[in-house]
Every structure is written in C-alpha cells, then in structure tokens.
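Please consider the sequence and the three-dimensional structure shown below. The paragraphs that follow lead through the loops, the sheet, the annotated sites and the domains in turn.

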Amino acid sequence: MAKSKFEYVKSFETEDKLLPNCWIVVRVDGKSFHKFSEKHEFQKPNDMRALDLMNRSAVKVMEQYKDIVIAYGESDEYSFVLRKDTEIFNRRGFKIMTYINSLFTSSYVFYWKQYFKEVKLKSPPYFDARIVLYPTDENIRDYLSWRQADCHVNNLYNTTFWALVIKGGLSNIEAEKRLCGTFSSDKNEILFSEFNTNYNNEPEIFRKGTILLRKRIKKPNSEHFKRVIVPLHEDLIGEKFWNTHSEVLSIKPGQDYYFNDTLPDLVKCQLCINTKRNYDEKNNLKEAE
Ligand SMILES: Nc1nc2c(ncn2[C@@H]2O[C@H](COP(=O)(O)OP(=O)(O)OP(=O)(O)O)[C@@H](O)[C@H]2O)c(=O)[nH]1
Ligand SMILES: [Mg+2]
C-alpha cells in the first residue's frame, strides 16, 4: 500500500532502547498525596489500608511482568527492579515505564474498594514515574538501601510529629518547631519519655517498608508448592538480606520460603484462598466483565 504523505512524521520518534546489562528501576510516586491522603482521611502517620492497597497494586504489576525480580514500597511510592538481562519490550524505556505506571495506577483504583470499603474515591489518584539504570550489583543494592533509609527517616519523623500533635496537643507548627534540628536519638527519646513508645516496637511494615520477592511456598493443607510473591518487612541494607535471598542478584528462581505465622492476605489472594478481600475481588471482577 502506498504510504501517505504524512508518514514522514514517524521519523521524529526517538530511539529509547535502554543500555544492555544494567538493572532497570521503575519508581512510581503518588502525585500530591499529602492532599490525597487528607481528602480520604488516611490515618496518621500510617494508614494500613493505604499500604495494603499499594502492596496489592504492586503484586499485580509483578504478576504481569515476571522480569521484575524485587520491588520495594513505602508511603506513596514503589520501586520495581527488572533483571539486568531482560528483553522485555525490546528494552524500550518508554514502554516499560508507562506500562508499569499505568498498570499500577489502574490497580490502585481497581482495588480501592477492597481496602477502603465505604470510603468513596473522591478524585482520581495518579502517579509519576521515572526509570533509572544501575550498572552494578552494588549500585542496585545502594539504590534500595537509599529508599529504605528514606522510609526510616520519614517514618521516625512522622511518628514523632503526630505523637506530639495527636497525643501531646501541640499544633502542627509547634510540633514542627519542636522537631527542627533534632537527631534520630532526640526523636526516639521524645517518643519514649513523653509518649511511652519504644520506636523499635512500632510495626516493621512502617519502619522498614515492604519488600516483594518471588518465592516458592507450600500450600496450606496440601503437598503442593506454588510460586508466589511474598511481602517482607526486613532490613535490606545489611549483608544478611542479600545472603538469605541470594537468588535476587543471581537472577535464579525464588527459593522456598516458610512463614512462621499465618499466611499474609497478600499471599492468600494469590493462592485463591478465600479471604473476605478475595471474595470481594472476585465479585468486583465479575461486575467488571
Ligand atoms: N496520613 C497519611 N499520609 C500518607 C500516608 N502515606 C502517604 N501519605 C502522604 O503522602 C505524602 C507522600 O510524600 P511525597 O510523595 O513527598 O509528597 P506528595 O504530596 O505526594 O508530593 P509529590 O510526590 O511531589 O507530588 C506524605 O508526605 C503524606 O502526606 C499514610 O499512610 N498516612
Ligand atoms: Mg508523592
């Protein structure tokens, strides 16, 4: 077929193939979530519904894109790390970034009701995305350590700030002044001496964020194993994490993993074990079909 005279405009498109042999990170971050969280009355400083929803959306992305070897989330952001030898979308950066961001955002809306129940979604949430390449294992470890350190710093600040405001009766401005120039040790001390709170006893999901890894687990009441995505709330800055989960950097299939307690809902929903959320999810899907 003859080409139209407009065909030449295609030549303006630029090549966006990512460098080979580099870890690919896509990080998504909620736009103006300080406002979004206020509007939807997120609990302060951490709202479990919001964290669960972020984690559910990230699992959806990992289910779809199997070359993601690890993901890390905190607050309103998620980082997805693709294996360095991935050939997904021919390593076209725009495709990789926009598909991940789009699927994450639509999942956030899709699963909203399961976690926020009667709280109506009042405005469309949206996320920015960036893509960064890291050539060495040390770089990718440092990247993830940076995000986890950020989680720690922000969470210690927010926990102390909201303790001063909610329990201590200070105004937001007074609490901000009180914390200005303080070190971590000062904030720990304020929490301990004034609010009887040992920061180290705060839930790990708040202090460490969520790491999503691919693992093989034994299905409950069955001899069968299944590959699933598991949420961990561990320190990933030290050596121990990378020794225990050595398959991540060596790009091997997920090792066997055993949960000490009951399976998290996030795993149950992948095993199609009926949780209340699973039931709602199925019904939502039926409605959507
Ligand atoms: N109350 C509450 N707020 C949260 C929670 N998670 C995230 N947020 C809000 O989301 C913000 C995320 O930080 P940023 O990404 O730096 O801020 P942002 O308003 O999204 O700004 P941009 O990302 O630049 O658009 C936090 O500062 C909080 O205001 C939560 O669990 N509870
Ligand atoms: Mg944000």
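**From a loop to the whole fold**

E41 lies in the loop between helix 1 and helix 2; helices here are DSSP runs of H or I with at least four residues, strands are DSSP runs of E with at least two, and both are numbered from the N terminus. The model is a predicted one, in which local features need pLDDT of at least 70 and side-chain atom pairs count only at pLDDT 80 or more, whereas totals for chains, interfaces and linings use all residues. Residues are numbered from 1 along each chain as its sequence is written, and chains are lettered from A and ligands numbered from 1 in the order in which they are written.

Although E41 is not a glycine, its phi is positive, at about 50 degrees. The loop between helix 1 and helix 2 also holds P45, which is joined to K44 by a cis peptide bond with omega of about 0 degrees. As background, most residues other than glycine have a negative phi, and most peptide bonds are trans. Positive phi values recur elsewhere: N196, just after helix 7, has one of about 55 degrees, and N221, in the hairpin of strand 5 and strand 6, has one near 55 degrees. That hairpin places six residues between its two strands.

The sheet comes next. Six strands form an open sheet in the order 4-1-3-2-5-6, with antiparallel pairing; two strands count as paired if DSSP finds at least two bridges between them. Strand 4 (127-134) and strand 6 (225-232) are the edge strands, each pairing on one side only. On average, neighbouring strands of this sheet are turned by 25 degrees against each other, direction ignored; the axes are lines fitted to C-alpha atoms, for helices over the stretch in contact, and angles run from 0 to 180 degrees between N-to-C directions.

Individual pairings can be followed residue by residue. Strand 2 and strand 5 (residues 210-218) run antiparallel and are joined by four bridges. Within this pairing, I70 has L213 as its bridge partner in strand 5, and G73 has T210. Strand 5 in turn pairs with strand 6 in the antiparallel sense, over eight bridges. Here I229 of strand 6 is the bridge partner of R214, while K215 stands opposite V228.

Two helices lie across this sheet. Helix 2 (residues 48-64) crosses strand 2, strand 3 (77-82), strand 5 and strand 6, and runs at about 165 degrees to strand 2. Helix 5 lies across strand 1 (23-30), strand 2, strand 3 and strand 4, running at about 20 degrees to strand 2.

The UniProt record adds annotations, all from an unreviewed entry. Its positions are given in the numbering used here, feature names are shortened, and annotations may be inferred rather than shown by experiment. The record's "domain: tRNAHis guanylyltransferase catalytic" covers residues 6-135. Over residues 6-135 the chain is 36% helix and 22% strand, with end C-alpha atoms 40 Å apart. Under "binding site", UniProt lists D29, G30, K31, S32, F33, H34, S75 and D76. These residues are spread over 48 residues of sequence but cluster in space, the largest C-alpha distance being 12.1 Å. D29 is placed in strand 1, and K31 in the loop between strand 1 and helix 1 (33-39). A "binding site" annotation of the same unreviewed kind covers D29, G30 and D76. Those residues span 48 residues in sequence, yet no two of their C-alpha atoms are more than 5.7 Å apart, so they gather at one spot.

At the level of domains, the assignment gives domain 1 (19-142 + 206-289) and domain 2 (145-205), with bounds from an automatic or database domain assignment. Their C-alpha centres lie 26 Å apart. In all, 17 residues of domain 1 are in contact with 16 residues of domain 2, contact meaning that C-beta atoms placed from the backbone lie within 7 Å. Strand 2 (68-74), helix 5 (137-167) and helix 8 (204-208) are the elements giving two or more residues to the side of domain 1 that touches domain 2. Helix 8 gives the most to this side, with three residues.

Definitions and conventions:
Contact = placed C-beta atoms within 7 Å.
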